[in-house]
Amino acid sequence: MAWQFESGRPIYLQVAEIVRKRVISGEYPQGSRLPAVRDLAVEAGVNPNTMQRALLTLEESQIVHSQSTAGRFVTEDMELLEQMKYQTARKSVLDFIRHMEELGYSSEELVQLITKVTQEA
């Protein structure tokens, strides 16, 4: 997943969101050590202070935790990760439904559209 940022939203929040998605998708597996702040900052193209702030945000939500000098690690709480994965997916689905309703699709038409597109893929 590329590090792409939108204007108008704080970069540290967008960085936190990208790392969070990497965690819930399994790119950073549960219990694994995250790359060092400086390495992540270089990869993302952001200031290390920005990356530090993003990781602190993730610590507050208990997605990652620090172990003094050993670094930061992904939570091993599978229930928390599954809950976050569901919440992220739910938000995406609701956004999709809202966009489709704006295009004039009814619920039934939307189900038909999804079935058709899935069969074409």
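This report describes the largest pocket of a predicted model and the packing of two of its helices.

## The largest pocket

In this predicted model, the largest pocket has a volume of about 210 Å³. Its lining is made up of Leu13, Ala16, Glu17, Arg20, Lys21, Thr88, Lys91, Ser92 and Asp95. Two elements, helix 1 (11-24) and helix 4 (78-102), each give two or more residues to this lining, and the largest share, five residues, belongs to helix 1.

When the lining residues of the largest pocket are sorted by class, five of them are charged, while two are polar and two are nonpolar.

## How helix 1 meets helix 3

Helix 1 also packs against helix 3, which covers residues 48-60, and the two axes lie 8 Å apart at an angle of about 55 degrees. Because an angle of this value falls outside the ranges for roughly parallel, roughly antiparallel and roughly perpendicular, helix 1 counts as oblique to helix 3. The crossing of these two helices is right-handed.

On the side of helix 1, the contact is formed by Ile11, Tyr12, Val15, Ala16, Val19 and Arg20, and on the side of helix 3 by Thr50, Met51, Arg53, Ala54, Leu55, Thr57 and Leu58. By class, nine residues of this contact between helix 1 and helix 3 are nonpolar, two are polar and two are charged.

## Residues with two roles

Ala16 and Arg20 appear in both descriptions, since each is listed in the lining of the largest pocket and each is listed among the helix 1 residues in contact with helix 3.

Terms used
Residues numbered from 1 in each chain as written. Predicted model: local features only at pLDDT ≥ 70, side-chain atom pairs only at ≥ 80, totals over all residues. Heavy atoms only, no water. 1 Å grid on protein atoms, 1.4 Å probe; cavity = no way out; pocket = protein on both sides within 12 Å on 5 of 7 lines; lining within 4 Å. Points joined across faces, edges and corners; volume = space filled by probe spheres on them. Helix = DSSP H or I, 4+ residues; strand = E, 2+ residues; numbered from the N terminus. Nonpolar A, V, L, I, M, F, W, Y, C, P; charged D, E, K, R; others polar. Axes fitted to C-alpha atoms, helices over the stretch in contact; angles between N-to-C directions. Parallel < 35°, antiparallel > 145°, perpendicular 65-115°, else oblique. Left-handed = near helix turned anticlockwise from the far one by under 90°. Contact = heavy atoms within 4.5 Å.
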